[in-house]
Amino acid sequence: MASRGKLIAVMGDEDTVTGFLLGGIGELDKHRRPNFLVVEKETSLAEIEETFRCPRVPPGWAARAGAPCPSLSLSPLGRGFLAREDVGMILISQALAEQIRPAVAAHARALPAVLEIPSKDHPYDPARDSVLRRARGLFAPDELR
């Protein structure tokens, strides 16, 4: 049986998310959880961070930097995109990533890849992109020219 590919999750304002949904990335997993989050004025910071991060850590699971999130079988109601095995990439608007910067900066695994994108109201600023800063650290300054 052929395995399915990984999903792209998106977090951002209504216009940004709608554009990606019109492009065909919208899906629900077997627990009926969407792979997107539309952030509005009344969306709490806790809800944004919960949607990005791992679900609550089950008892007995030692949280370590760079350790994989607990599997969804341990916490089927968890909503975190980082914890979902079907998500391979998370697109998050840079303005939103700034609001949860510690959570974004703490993500050290290759999958799901986290990419910060511009939104309609906030242009992209490479100086604030933590992923780009880490990538620059992999190369010598002479190689970047």
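How many bridges join strand 1 to strand 3, and in which sense do the two strands run? The close-up views below start with that pair and then move outward through this predicted model.

**View 1. Strand 1 and strand 3 lie side by side in the sheet, joined by five bridges.** Strand 1 covers residues 7–12 and strand 3 covers residues 87–93, and the two run parallel. To find your place in this pairing, look for M11, whose bridge partner in strand 3 is I92. Five of the six residues of strand 1 are buried, so this strand is largely enclosed by the rest of the structure.

**View 2. Strand 1 also pairs with strand 2.** Here three bridges hold the pairing, again in the parallel sense. Strand 2 is short to trace, at residues 36–38. M11 is a handy landmark once more: its bridge partner in strand 2 is L37, while I92 is its partner in strand 3. The link between strand 1 and strand 2 can be followed through helix 1, residues 14–22. Together, strand 1, helix 1 and strand 2 make a right-handed β-α-β unit.

**View 3. Four strands form an open sheet with parallel pairing.** Reading across the sheet, the strand order is 2-1-3-4. Strand 2 and strand 4 (113–117) stand at the edges with a single partner strand each, so one side of each has no neighbour in the sheet. From one strand to the next, the twist averages 20 degrees.

**View 4. The whole protein chain puts the sheet in context, with five helices and four strands.** Starting at the N terminus, the elements follow the pattern β-α-β-α-β-α-α-β-α. Of the 145 residues, 36% count as buried. Among contacts between residues at least 6 apart in sequence, 67% join residues at least 24 apart. The chain exposes about 9,000 Å², and carbon and sulfur atoms supply 58% of that area.

**View 5. R53 sits in the loop between helix 2 (45–52) and strand 3.** What does R53 touch beyond its neighbours within four places in sequence? Its contacts there are G80, F81, L82 and A103. One of these, G80, is 27 residues away along the chain, yet the C-alpha atoms of R53 and G80 are separated by 4.6 Å. On the side-chain level, R53 and E49 are joined by a polar contact of 2.6 Å. With a relative accessibility of 34%, R53 counts as partly exposed, because this value falls between the 20% and 50% cut-offs.

**View 6. S119 is found in the loop between strand 4 and helix 5 (130–136).** Is S119 buried or exposed? Its relative accessibility is 14%, so S119 counts as buried, the limit being under 20%. Not counting residues up to four places away in sequence, S119 touches D13, T16 and S93. Two of those residues are easy to place: T16 belongs to helix 1, which spans residues 14–22, and S93 belongs to strand 3, which spans residues 87–93.

Notes:
Residues numbered from 1 in each chain as written. Predicted model: local features only at pLDDT ≥ 70, side-chain atom pairs only at ≥ 80, totals over all residues. Heavy atoms only, no water. Buried < 20%, exposed > 50% of the residue type's maximum accessible area, 1.4 Å probe, protein only. Pairing = 2+ DSSP bridges. Right-handed = clockwise from strand over helix to strand, strands pointing away. Axes fitted to C-alpha atoms, helices over the stretch in contact; angles between N-to-C directions. Contact = heavy atoms within 4.5 Å. Areas by Shrake-Rupley, 256 points an atom, 1.4 Å probe, with all protein chains shown as cover. Polar contact = N/O pair within 3.5 Å; in protein donor to acceptor, adjacent residues only side chain to side chain.
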